[in-house]
Amino acid sequence: MGILEKIAEVEAEISRTQKNKATEYHLGLLKAKLAKYRQQLLEPTGKAGAKGEGFDVMKSGDARVALIGFPSVGKSTLLSTLTKTESECAAYEFTTLTCIPGVIEYAGANIQLLDLPGIIEGASQGKGRGRQVIAVARTADLIIIMLDAMKGEKQKELLEQELEAVGIRLNREKPNIYYKQKKGGGISFNSTLPLTKCSEKMVQLILHQYKIFNAEILFKADCTSDEFVDVLLGNRAYLPCLYVYNKIDQISIEEVDRLARKPHTVVVSCNMKLNLDYLLETMWEHLALLRIYTKKRGERPDFDDGLILRTGATCEHVCHTIHRTIAQGFKYALVWGRSAKYSPQRVGLHHPMCDEDVMQIVKK
Ligand SMILES: Nc1nc2c(ncn2[C@@H]2O[C@H](COP(=O)(O)OP(=O)(O)OP(=O)(O)O)[C@@H](O)[C@H]2O)c(=O)[nH]1
Ligand SMILES: [K+]
Ligand SMILES: [Mg+2]
């Protein structure tokens, strides 16, 4: 039996099985099995083939945003509208057959926007160019799921399933579980709080299925067994996602209002250029990039020429962005802004920076 049939079989069994206390372990195990098969599907062992499968587009700029959606929802129209790049747009499906990069200049940052071919149901299993599109999506800092406002709900669900199936987790934190495989000593299981969605027994059964008999596990949050499997398999991508409903010129104002209130959602019309400014603003918020302004002693900072860094960046990251040798001669830095307890605060290399901080480096 091929891997696809195995997957189909387990999926069928999951949907046949009623969800209740008695079937809890059985279902948990089935889901762990499913995750295992999908893993095998994505990373065929031995032969190369999976590698280099994506479209080779160089990363450039400060961040990368990938446009994912069914055919003809308006992905290329959006790229052509927001960037100087033209990507062919047409009323027929699968107009775009490869990855087309464009650049959005916003708040002093260069954001790479990638137009991609439309994907369809079954993409994660290799239908159409789905696998390649998804491979690119994994490399993005933000995913935009573009939807046709007329058929958004169904499309949204299907796309989420496709991305989920290949280990992409949208708008979710990495589960707070410590896991380490060991050479001996059996399974050591602990949790820092009472667990309501998973249990030691469940974890043992799952590990058994993966033929793991020695490991250390510490649940630091009330996670589910699915989340444990995610940590166990390890190659999950936790990415922010924005849902963009396009073609709102085609639906009623009440419907526009309803869609606009959903979380992580922006409604637009690319053809009519409606709400695109708000889309850029929300995109920027979801990327959560930091703008850091440096200054020399006795001089004013240059607010037109900031450095762009990622969330979680420290003083050390700022140094590296300026030049790779700066951190070596670093004594301390003075920081003005939201990350400082008082302005200026004297900080070390590990100081976490905030958006729009001003920094002055003092050398040894
Ligand atoms: N009514 C309406 N039509 C739009 C809007 N934006 C795009 N379209 C139309 O939708 C059709 C498809 O647009 P594309 O940009 O080619 O869509 P795509 O998602 O790139 O499609 P593929 O590359 O085939 O996956 C074109 O005929 C566009 O003119 C919009 O805001 N409103
Ligand atoms: K199209
Ligand atoms: Mg297109």
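## Around ligand 1

Which of the 25 residues around ligand 1 come nearest? In this predicted model, they are Gly-74, Ser-76, Thr-77, Thr-96 and Gly-118.

Sort the shell around ligand 1 by residue type and you get 12 polar, nine nonpolar and four charged residues. Helix α3 supplies three residues, the largest share of that shell.

## The sheet

Now for the strands. There's an open sheet here with six of them, and reading across you meet β2, β3, β1, β4, β10 and β11 in that order, with mixed pairing. At the edges sit β2 (100–106) and β11 (265–267), each of which pairs on one side only. On average, neighbouring strands of this sheet are turned by 25° against each other, direction ignored.

Let's zoom in on one pair. Strand β1 covers residues 63–69 and strand β4 covers residues 142–148; the two run parallel and are joined by five bridges. Take Ile-68 as an example: its bridge partner in β4 is Ile-145.

## Helices on the sheet

Helix α3, the one from the ligand 1 shell, spans residues 75–82 and lies across β1, β2, β3 (109–115) and β4. Its direction is at about 155° to β3.

Helix α8 (residues 253–260) packs on the sheet too, touching β10 (241–246) and β11. The direction of α8 makes about 155° with that of β11.

## Domains

Stepping back, the protein chain is divided into domain 1 (3–48 + 175–233), domain 2 (63–172 + 237–287) and domain 3 (290–363). Taken over C-alpha atoms, the centres of domain 2 and domain 3 are 34 Å apart.

Notes:
Residues numbered from 1 in each chain as written. Chains lettered and ligands numbered in written order. Predicted model: local features only at pLDDT ≥ 70, side-chain atom pairs only at ≥ 80, totals over all residues. Pairing = 2+ DSSP bridges. Helix = DSSP H or I, 4+ residues; strand = E, 2+ residues; numbered from the N terminus. Axes fitted to C-alpha atoms, helices over the stretch in contact; angles between N-to-C directions. Contact = placed C-beta atoms within 7 Å. Domains from an automatic or database assignment. Near = placed C-beta within 6 Å. Nonpolar A, V, L, I, M, F, W, Y, C, P; charged D, E, K, R; others polar.
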